[in-house]
Amino acid sequence: MNPIVRNILAVIAGLIIGSVVNMGLIMISGSVIPPPEGGDVTTMEGLKETMHLFEPKHFIFPFLAHALGTLVGAFVAATIAANNKKKFAIAIGCFFLIGGVINVIMLPSPTWFAILDIVGAYIPMAIIGGKLAIRKK
């Protein structure tokens, strides 16, 4: 397969599969750690109004979703990429980081969570995903 086409497919697959992992974890999070009483977490407006009721435990799954989605997406991209596997893994991390920054701007969360999420969930997980993919060979 043409390396350029393969690299494009690597990015697309990494973004899609990473997003599926992210959303899957977000979807099951409410059944594992129930949302605060009286809070509507089904809409962005409801989340904004309910955020002050969230305890630290309510931020576990969002962090895991962001971190594991990025990790898996970066792993997939690095595995499929024809060359520069680390760079493709980090590119996936950058895409997810941009989404994370937008999320922090749109949905106010505690400062500690915003910092932890932005610093720990994206680029470090992309680096690990890339290393795992390279080591796999």
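This section describes helix α1, its surroundings in the fold, and a separate position in helix α5. The structure is a predicted model.

Helix α1 spans residues 3-32. The helix comprises 30 residues, and the distance from its first C-alpha to its last is 42 Å, close to the 44 Å expected at 1.5 Å a residue. At its start, a side-chain oxygen of Asn2 comes to within 2.9 Å of the backbone nitrogen of Ile4. The buried residues of α1 are Asn7, Ala10, Val11, Ala13, Gly14, Gly18, Asn22, Leu25 and Ser29. These buried residues pack against α3 and against α4, the latter covering residues 85-106. In general, an α-helix has 3.6 residues a turn, so residues three or four places apart point the same way.

A nonpolar patch is also present on the surface. Its members are Met1, Ile4, Val5, Ile8, Leu9, Ile12, Ile16, Ile17 and Val20, which together contribute about 870 Å² of accessible area. One of these residues, Ile17, is located in α1. Ile17 is classed as partly exposed because its relative accessibility is 36%, a value between the limits of 20% and 50%.

Asn22 likewise belongs to α1, but it is counted as buried because its relative accessible area is 14%, under the 20% limit. With neighbours within four places in sequence set aside, Asn22 is in contact with Ala65, His66 and Gly69. Of these partners, His66 is part of helix α3, which runs over residues 60-80. His66 is buried as well, since its relative accessibility is 10%. The side chain of His66 forms a polar contact of 2.8 Å with the side chain of Asp117. When neighbours within four places in sequence are again left aside, the contacts of His66 are Asn22, Asn103, Asp117, Ala121 and Tyr122. His66 thus touches both Asn22 of α1 and Asp117, the partner in the polar contact.

A contrasting environment is found at Thr111, which lies in helix α5 (residues 111-120). Thr111 is exposed, because its relative accessible area of 57% is over the 50% threshold. Its C-alpha atom is separated by 17 Å from that of Phe61, and the two residues are 50 residues apart along the chain.

In summary, α1 contributes buried residues that pack against α3 and α4, and Asn22 is in contact with His66. His66 in turn is joined to Asp117 through their side chains.

Note on methods: Residues are numbered from 1 along each chain as its sequence is written. This is a predicted model: local features need pLDDT of at least 70, side-chain atom pairs count only at pLDDT 80 or more; totals for chains, interfaces and linings use all residues. Side-chain values use heavy atoms; hydrogens and water are left out. Patches are made of residues with over 30% relative accessible area and no salt bridge: like charges are joined within 9 Å, nonpolar side chains (Val, Leu, Ile, Met, Phe, Trp, Tyr) within 5 Å. Accessible areas come from the Shrake-Rupley method with a 1.4 Å probe; for residues, only the protein chains shown count as cover. A salt bridge is a side-chain nitrogen of Lys or Arg within 4 Å of a carboxyl oxygen of Asp or Glu. Helices (H or I, at least four residues) and strands (E, at least two) are DSSP runs, numbered from the N terminus. Buried means under 20% relative accessible area, exposed over 50%, partly exposed in between (1.4 Å probe, protein chains only). Contact means heavy atoms within 4.5 Å. A polar contact is a pair of N or O atoms within 3.5 Å; within protein, one must be able to donate a hydrogen and the other to accept it, and residues adjacent in sequence count only if both atoms are side-chain atoms. The expected span of a helix is 1.5 Å times one less than its number of residues.
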